[in-house]
Amino acid sequence: MNGTRGTLIAFEGGDRAGKSTQAKQALQWIRETLREPAVLWHFPNRHSATGRLLDTYLSGSTELTGQVAHLLFAANRWERVEELWQLLDSGSHVILDRYAYSGVAFSVAARGLDPEWCLAADRGLPSPDLVLFLDLDPQLASKRGNFGEERYEQLVIQQRVRQFFLDRLFQSENWVRISAEQPPDQVQLQCRRAITEMLPRVRSLPLKLLW
Ligand code: FDM
Ligand code: MG
């Protein structure tokens, strides 16, 4: 590695927008075409102690207050923050399949929590260089496979989440909205274009912190 840091790229959006598929393809492209190290992380990480509890919460077998759920989702990120900084410092790109934006959007939309209170729990985490917002009309999302399996996969919640993304979060210059109604290959091309445009612009700059 030549001393340049890796970049932090987050995929965000409602459920069934295709984030996981697109993130995997972007990972492969960065590794194989750009020939740079990269890893892909999914939040919530369901394999840690906090993540196992969140998994039971999302599947509906555990009840948690909105505040407790929110703090667990945030803790699920904080518990990996040292590893995250190390990877970025070592020159690896880190792709995130959901991040703190989902944290605040879902807690506000589904649990009615106060946005400012929610934001505070993630304050100080590394701020992504690029957020790829895969935007899909929840009506269409609800017709895609397996919609409705988990706690927040309900039309009204998804509509509120989308509104929150668009009204409150989609304002900073590092957000790119990509219509997830397009064929997956088109979505991937736009993701790659946004990454290509971002890379030379941010790499000599230090990473910022949320928010
Ligand atoms: N979710 C995800 C939250 O409510 N808060 C968070 O901080 C994160 C990262 O968890 F409904 C919600 C969003 C979604 C659910 O996400 C599970 P995946 O991407 O389907 O695993
Ligand atoms: Mg899901």
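Okay, let me start with a question: does asparagine 146 count as buried or exposed, and how many C-beta neighbours does asparagine 146 have inside 10 Å? The count is 9, and the cut-off for exposed is 12 or fewer, so asparagine 146 goes down as exposed. Keep in mind, everyone, that what we're looking at is a predicted model.

Let's stay with that residue for a second. You'll find asparagine 146 in the loop that runs between helix H7 (138–141) and helix H8 (155–169). Its phi is positive, about 65°, and asparagine 146 is not a glycine. Why bring that up? Because most residues other than glycine have a negative phi.

Arginine 16 does this too: a positive phi of about 65°, and again not a glycine. This one is in the loop between strand S1 (8–12) and helix H1 (19–32). Arginine 16 has 22 C-beta neighbours inside 10 Å, and buried begins at 20, so arginine 16 counts as buried.

Next up, peptide bonds. Most of them are trans. Here, though, phenylalanine 43 and proline 44 are joined by a cis bond, with omega about 0°. Proline 44 is in the loop between strand S2 (38–42) and helix H2 (49–59). There's a cis bond from leucine 210 to tryptophan 211 as well, where omega is near -25°. Tryptophan 211 is in the segment after helix H9 (184–202).

Now, the ligand. Phe43 and Pro44 turn up again, since they're among the residues surrounding ligand 1, including also Asp15, Arg98 and Glu150. By type, the shell has six nonpolar residues, two polar and three charged. Which helix gives the largest share of that shell? Helix H5, residues 100–111, with three residues.

So who does H5 pack with? Have a look at helix H3, residues 66–78: the axes of H3 and H5 come within 10 Å and cross at roughly 170°. Anything over 145 degrees counts as roughly antiparallel, so that's what H3 is to H5. On the H3 side, the contact uses Gly66, Ala69, His70, Phe73, Ala74 and Arg77, and on the H5 side Ala100, Gly103, Ser107 and Arg111. Those contact residues split into four nonpolar, four polar and two charged. Phe73 and Gly103 are also in the list around ligand 1.

Last thing, the annotation. The unreviewed UniProt entry has a "domain: Thymidylate kinase-like" over residues 11–188. Across that stretch the chain is 51% helix and 13% strand, and the end C-alpha atoms are 12 Å apart. That's it from me, thanks!

Terms used: Residues are numbered from 1 along each chain as its sequence is written. Chains are lettered from A and ligands numbered from 1 in the order in which they are written. This is a predicted model: local features need pLDDT of at least 70, side-chain atom pairs count only at pLDDT 80 or more; totals for chains, interfaces and linings use all residues. UniProt positions are given in the numbering used here, feature names are shortened, and annotations may be inferred rather than shown by experiment. Helices (H or I, at least four residues) and strands (E, at least two) are DSSP runs, numbered from the N terminus. A residue is near a molecule or strand if its C-beta atom, placed from the backbone, lies within 6 Å of it. Ala, Val, Leu, Ile, Met, Phe, Trp, Tyr, Cys and Pro count as nonpolar, Asp, Glu, Lys and Arg as charged, and the others, Gly among them, as polar. Axes are lines fitted to C-alpha atoms, for helices over the stretch in contact, and angles run from 0 to 180 degrees between N-to-C directions. Angles under 35 degrees count as roughly parallel, over 145 as roughly antiparallel, 65 to 115 as roughly perpendicular and the rest as oblique. Two residues are in contact if their C-beta atoms, placed from the backbone, lie within 7 Å.
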